[in-house]
Amino acid sequence: MWRLLLALVFGTWATSALVRVPLKLERSIRTQLRANSALEGFLKDYHHDMFNRRYTQCFPDGTPSLRLGRSRERLYNFMDAQYFGVISLGTPEQNFSVVFDTGSADLWVPSMYCISPACVLHKHFRAFESTSFRLDGRMFGIHYGSGHLMGIMSRDTLKIAGLTIKNQEFGESIYEPGDTFLMARFDGVLGMAYPSLSENLDKPVFDNMMAQKMVDEPVFSLYLSRKTNNGSLEGELLLGGIDESLYEGPINWLPVTVKSYWQIKMDSVAVQGVNTFCLHGCQAIVDTGTSLITGPTSDILTLQQLIGATPTSTGEFLIDCARLSSLPQVTFVLGGREYSLTAEHYIRKEVLGDREFCFSGFQAVGIASTEAPLWILGDVFLRQYYSIFDRGQDRVGFALVRHTTEQ
């Protein structure tokens, strides 16, 4: 019997070991910037190369992702992150709001020694108050798609709902330049990808859970809702299990093709039933760290034209809200099965003043792989399809989300 887990939950296949970690749906950084008429200026100031040139001298020598002229787009699109959960570190417990991110593998939270304004507005870890704290001493630096941070590595007891993970490595950020983390609704990030993607950890959190036998099976599953602040379930991650009440129909399993991101093969992408992109197969990443669906620039620009979206000065694409009922269906074919999104699924609605704006949920991001440019299936996709991440058999499963009145 599978049991229900609230929000982002880690658990096990045994009912006695299931754990519930609620996920809160919040406004993204991009939405906040737009509401303050600051998005265009922010994107100009924090272009990858510009940010690198301004701050690279402040980070440890040899940090691979900070090299000038290298704008490797990591999957940390936290400008659009919306779903956050709570963890605790230390003894006694110190609580932090984090993004549970399948597009990264590191864990970090702000340090009490952080010198950046961003840390003032967030909870920060007080090492001297924890009796179980151990200083690692290594320095770390991480380059995100829209920000950087630097800090020191530490070890302490980590708690996620009812699970206690001992001697967990994590980063204490001491320098977070720029405005990205200043505006974030979350304190830190907990990565859930494969260890090979980690910049700093020998054992990411889920690997430590498996090593310490916190879960009976090396599996976690994810449910995301479109609604917020109405008393309904906003999201859920189940560690070690599947909640059958949250999906319907069979689970379609796809093997992981590269064990770093949760990367799978995608058969094709169709618009209104006609195969248009990825005609000979391509690679896709299942990423909870971004709210969007992204793909190769040329493909996404064509897709924007097919759905009637027009570009804005911020690089986003607008659609006339009155036309939503006439927009085409976009279908992703994975493992021979079709996963279709209607306009109500792939359009993001925002209210500015007394006007409603409709933004395309597709974005062009050039991420190269050894085989072909990568697509990213973010929250726009995951809100419609219950997703299961299986480290034991290195596979990802999808099933149709069971629609309720709050969907």
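Which residue forms a salt bridge with D136, and how far apart are the closest N and O atoms? I went through this predicted model with that in mind, and my notes are below.

1. The opening question first. D136 pairs with R138 in a salt bridge, and their closest N and O atoms are 2.8 Å apart. Neither end is fully tucked away: D136 is partly exposed at a relative accessible area of 26%, and R138 is also partly exposed, at 33%.

2. D136 has another partner too. Its side chain meets that of R155 in a salt bridge, at 3.9 Å from N to O. Here D136 belongs to strand β6 (residues 134–144) and R155 to strand β7 (residues 147–160), so this pair ties together parts that are 19 residues apart in sequence. If you rerun this, keep in mind that the cut-off for a salt bridge is 4 Å, and the D136 to R155 contact comes in at 3.9 Å.

3. R155 then carries the chain of contacts onward. The side chains of E169 and R155 form a salt bridge of 3.4 Å, N to O. E169 sits in strand β8 (residues 163–175) and R155 in strand β7, so the pair ties together parts that are 14 residues apart in sequence. Both E169 and R155 are buried, whereas D136 is partly exposed. Through shared partners, the salt bridges join D136, R138, R155 and E169 into one network. For the whole structure, the count is 12 salt bridges.

4. Now the annotated residues. An unreviewed UniProt entry carries the annotation "active site" for D101 and D287. They span 187 residues in sequence, yet their C-alpha atoms are no more than 6.9 Å apart, so they gather at one spot. Counted as a separation along the chain, D101 and D287 are 186 residues apart, with 6.9 Å between the C-alpha atoms.

5. What holds each of these aspartates in place in the fold description? D101 is part of strand β4 (residues 94–101), while D287 is in the loop between β17 (282–286) and β18 (293–295). D101 is buried, with a relative accessible area of 0%, and D287 is buried as well, also with 0%.

6. The polar contacts around the two aspartates are worth a look in the viewer. The side chain of D101 reaches the backbone nitrogen of G289 at 3.1 Å. On the other side, a polar atom of the D287 side chain lies 3.1 Å from the backbone nitrogen of G103.

7. On to the rings. A search of the whole structure turns up 18 aromatic pairs. One of them is Y194 with W262, a tilted pair with 4.9 Å centre to centre and 50° between the planes. Y194 lies in the loop between β9 (188–191) and α5 (205–211), and W262 in strand β14 (residues 262–266), so the pair ties together parts that are 68 residues apart in sequence. Y194 is buried at 4% relative accessible area, and W262 is buried at 0%.

8. Another pair to check is Y247 with Y386. Their ring centres are 5.3 Å apart and their planes are at 25°, so the pair is stacked. It links distant parts of the chain, with Y247 in strand β12 (residues 247–255) and Y386 in strand β27 (residues 385–390), 139 residues apart. Y247 counts as buried at 9% relative accessible area, and Y386 is buried at 0%.

9. There is also an aromatic cluster to colour in. F277, F332, Y339, W375, F381, Y385 and F398 form one cluster.

10. Last, a contact between a charge and a ring. Which ring does the charged end of R395 sit over? The ring is that of W253, and the charged end of R395 is 3.6 Å from its centre.

Technical notes
Residues numbered from 1 in each chain as written. Predicted model: local features only at pLDDT ≥ 70, side-chain atom pairs only at ≥ 80, totals over all residues. Heavy atoms only, no water. UniProt positions renumbered as here; feature names shortened; annotations may be inferred. Helix = DSSP H or I, 4+ residues; strand = E, 2+ residues; numbered from the N terminus. Buried < 20%, exposed > 50% of the residue type's maximum accessible area, 1.4 Å probe, protein only. Polar contact = N/O pair within 3.5 Å; in protein donor to acceptor, adjacent residues only side chain to side chain. Phe/Tyr/Trp six-rings, centres within 6.5 Å; stacked < 30°, edge-to-face > 60°. Lys NZ or Arg CZ within 6 Å of the ring centre and 35° of its normal.
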